[in-house]
Amino acid sequence: MKRRHFLSISAAGAGSVFLAQCSRVSTSSTNEAQKVAQSFSQKSLPAVYTSTDGLLDLDLEASYKTINLNGKPATLMAYNGQVPGPRLEARPGDTVRIRFTNNLPDPTNIHYHGLNISHSGNADNVFLSVQPGETFTYEFSLPEDHPAGTFWYHPHRHGFVANQVFAGLSGFFVVRSDLDEIPEVKAASEAFLALKDFQLDDEGNIASPDRMAVMMGREGALVTASGQVNPSLSIPANGLLRLRLLNASISRFYRLQVEQHSMQLIATDGGALSAPVEVKELLLVPGERAEVLIRGDGEASPQENRTPGSYRLLNLPYDRGGMGMMGGNSMGGMQMGEGHSMGGMDMNSSDPATSGETLPLATFTYSDSPQNEIAVLPAQLIPIEPLPAAQNTRRIELSMRMLFMRGMAFTLNDKTYSEDRTDIQVPLNTVEEWEIANVDADMMDHPFHLHAAPFQVISRNGQPEPYPAWKDTVLVRGGETLRIRIHFKDFPGKSVYHCHILDHEELGMMSVIDVQA
Ligand code: C2O
Ligand code: CU
Ligand code: CU
């Protein structure tokens, strides 16, 4: 049986962790609950590594691995044989030591996206290159005041980033702290979903890149949530599910909605909000994370005798823009690369794959032991201090340019990436305000990501943001101008900022920032 086979290849070693988590579900006796338990046990939950006595210590290997993806063998790039890779969990003040071995045929490295740690040495250093066959030990410590939150790790060796992430390399990195101790949050059951699309050829290999698809930002036709197609999850009836979401796709946007439920947003990229914010829809662009609470009370009023149903987490259509005037017929002439178009990525249409149909990403059912009292939401979370006025301002323009004889260039302030050029120097301990402008009104959206420090969005096209939040990745739509404020307070050294459509990053939409002590 295919699914058994799947379990045996990809869940080995993770079984015990997983069984502990779902014992509540699997002891129940109704058919509904059995279905839930079954789908849970078929889940390829990644291994979890948790710090003990202040140390998170593990071996991590990147290699090709054939795993079962949606009932078919797929040869992907995996961390420790798993897609997504193991989930790492630590606390503020902990030391993290990762003996990383590269068993891929190309160089790679590891970026700890969103973690507030050093950007140099053997910490979050994107300029490192770990060669094939080489082992490199990452070691860093999380500051004592590191916020709780949902972070992630993925390769960041320029020239190989997009292909390696597209092929499956990424994993959650969770920091647990004060947010996790808020009683209502602590009482919630917890689930993790890494949203990731794949494009496979007939042999189950990652499809070779099509030139036009790369310019649009590749999207795969097979959309997964933590390595599964439409997995089942449970929401405690009358209780709360804390869902941690990551967009681990290189280009695809997710416009999320849960049928008949609103979501309470409690955390963004950099950690907790001051208080939950109710949302009906949540747009998650590549690199972004969000934590939401979902209450198992459907649309029913408390008095009503509710029949538990199933509710889908949907991905709604979204148009992330095209090549504007470059689209339509002129595209045909530019399609000179391999000349074929991949399934689900028809680049002759002016719409990218995301503007297509609504897709279920996961399905929720209620666990069958309803609490008598409906769970209350936390009134307050972790206060966010607005950043003080900026000491310096800058403007960064995101743009796509047609270069004579060279095709399309993806630029930041008219330049494509060079590792040898420092684009911005910032003195440590300053607050800056950046105007991030996507100057191509009719062209593509770009998710802007900064490594050096977390930021707060002040306004979009002059409209103040409705609530403060810590971000490291933010969508800048075609024609839009954002103002963000950044306090470069902790870590000097060089790092980068870039478009998190990783195909665009590879095409040059990245720059170097040097924070100087
Ligand atoms: Cu998630 Cu520079 O990347
Ligand atoms: Cu990053
Ligand atoms: Cu982009």
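In this predicted model, the side chains of Asp180 and Arg176 meet in a salt bridge, with 3.4 Å from N to O. Asp180 is buried, and Arg176 is buried too. If salt bridges are new to you, the idea is simple: side chains of opposite charge can pair when their charged atoms come close. The count for this structure comes to 37 salt bridges.

Let us visit two others. Arg218 and Asp503 form a salt bridge with an N to O distance of 2.8 Å. Arg218 lies in the loop between α7 (211-216) and β11 (222-225), while Asp503 belongs to helix α9 (residues 502-506), so this pair ties together parts that are 285 residues apart in sequence. Are these two residues buried or exposed? Both Arg218 and Asp503 are buried.

Now look at Arg460, which forms a salt bridge with Glu465; their closest N and O atoms are 2.7 Å apart. Arg460 has a relative accessible area of 24%, so it counts as partly exposed. Glu465, at 23% relative accessibility, also counts as partly exposed. Salt bridges can share partners as well: Arg87, Glu89, Arg176, Asp180, Glu190, Arg242, Arg244 and Glu291 are joined into one network in this way. Notice that Asp180 and Arg176, where we began, are among them.

Here are the three salt bridges side by side.

| Positive partner | Negative partner | N to O distance |
|---|---|---|
| Arg176 | Asp180 | 3.4 Å |
| Arg218 | Asp503 | 2.8 Å |
| Arg460 | Glu465 | 2.7 Å |

**Aromatic rings**

Rings are the next thing to look for, and the structure holds 14 aromatic pairs. In one of them, the ring centres of Tyr79 and Tyr153 are 5.2 Å apart and the planes meet at 45°, so the pair is tilted. This pair links distant parts of the chain, with Tyr79 in strand β3 (residues 72-79) and Tyr153 in strand β8 (residues 149-154), 74 residues apart. Both Tyr79 and Tyr153 are buried.

How are the rings of Tyr112 and Phe173 arranged? Their centres lie 6.3 Å apart and their planes are at 90°, so this pair is edge-to-face. Here too, distant parts of the chain are linked: Tyr112 sits in strand β6 (residues 111-113) and Phe173 in strand β9 (residues 171-175), 61 residues apart. Tyr112 and Phe173 are both buried. If you colour Tyr79, Phe100, Tyr112, Phe136, Tyr138, Phe140, Tyr153 and Phe173 in your viewer, you will see one aromatic cluster.

Rings can also have a charge over them. The charged end of Arg87, a member of the salt-bridge network, sits over the ring of Phe192, 3.7 Å from its centre. Arg320 lies over the face of Phe253, at 5.9 Å from the ring centre.

**The copper ion**

Which residues hold the copper ion (ligand 3)? The copper ion is coordinated by His446 through ND1, Cys499 through SG and His504 through ND1, at 2.0 to 2.1 Å. Along the sequence, these donor residues follow the spacing H-x52-C-x4-H. His446 lies in strand β25 (residues 446-450) and Cys499 in strand β30 (residues 493-499), so to speak of this pair is to speak of distant parts of the chain, 53 residues apart. With a relative accessible area of 0%, His446 is buried. Cys499 is buried as well, its relative accessible area being 1%.

**A sheet and one of its residues**

Finally, turn to a sheet. Strands of a sheet pair through backbone hydrogen bonds, either parallel or antiparallel. In this open sheet, 6 strands follow the order β22-β21-β24-β29-β26-β27, and the pairing is mixed. Its edge strands are β22 (407-412) and β27 (463-464), each of which pairs on one side only. Strand β26 (residues 455-460) and strand β29 (residues 481-488) run antiparallel and are joined by 5 bridges. As an example from β29, Arg485 is the bridge partner of Gln456.

Strand β24 (residues 430-438) contains Glu433. Why does Glu433 count as buried? Its relative accessible area is 9%, and the cut-off for buried is under 20%. Leaving out residues up to four places away in sequence, Glu433 touches Ala390, Asn392, Thr393, Arg394, Ile458, Arg483, Ile484 and Arg485. Arg485, the bridge partner of Gln456, is thus one of the residues that Glu433 touches.

Conventions:
Residues are numbered from 1 along each chain as its sequence is written. Chains are lettered from A and ligands numbered from 1 in the order in which they are written. This is a predicted model: local features need pLDDT of at least 70, side-chain atom pairs count only at pLDDT 80 or more; totals for chains, interfaces and linings use all residues. Side-chain values use heavy atoms; hydrogens and water are left out. Helices (H or I, at least four residues) and strands (E, at least two) are DSSP runs, numbered from the N terminus. Buried means under 20% relative accessible area, exposed over 50%, partly exposed in between (1.4 Å probe, protein chains only). Contact means heavy atoms within 4.5 Å. Rings of Phe, Tyr and Trp (its six-membered ring) pair if their centres lie within 6.5 Å; planes under 30 degrees apart count as stacked, over 60 as edge-to-face and the rest as tilted. A charge sits over a ring if NZ of Lys or CZ of Arg is within 6 Å of the ring centre and within 35 degrees of the ring normal. Donors are N, O and S atoms within 2.8 Å of the metal (3.2 Å for Na, K and Ca); water is not among the atoms, so sites may look incomplete. A salt bridge is a side-chain nitrogen of Lys or Arg within 4 Å of a carboxyl oxygen of Asp or Glu. Two strands pair if DSSP finds at least two bridges between them.
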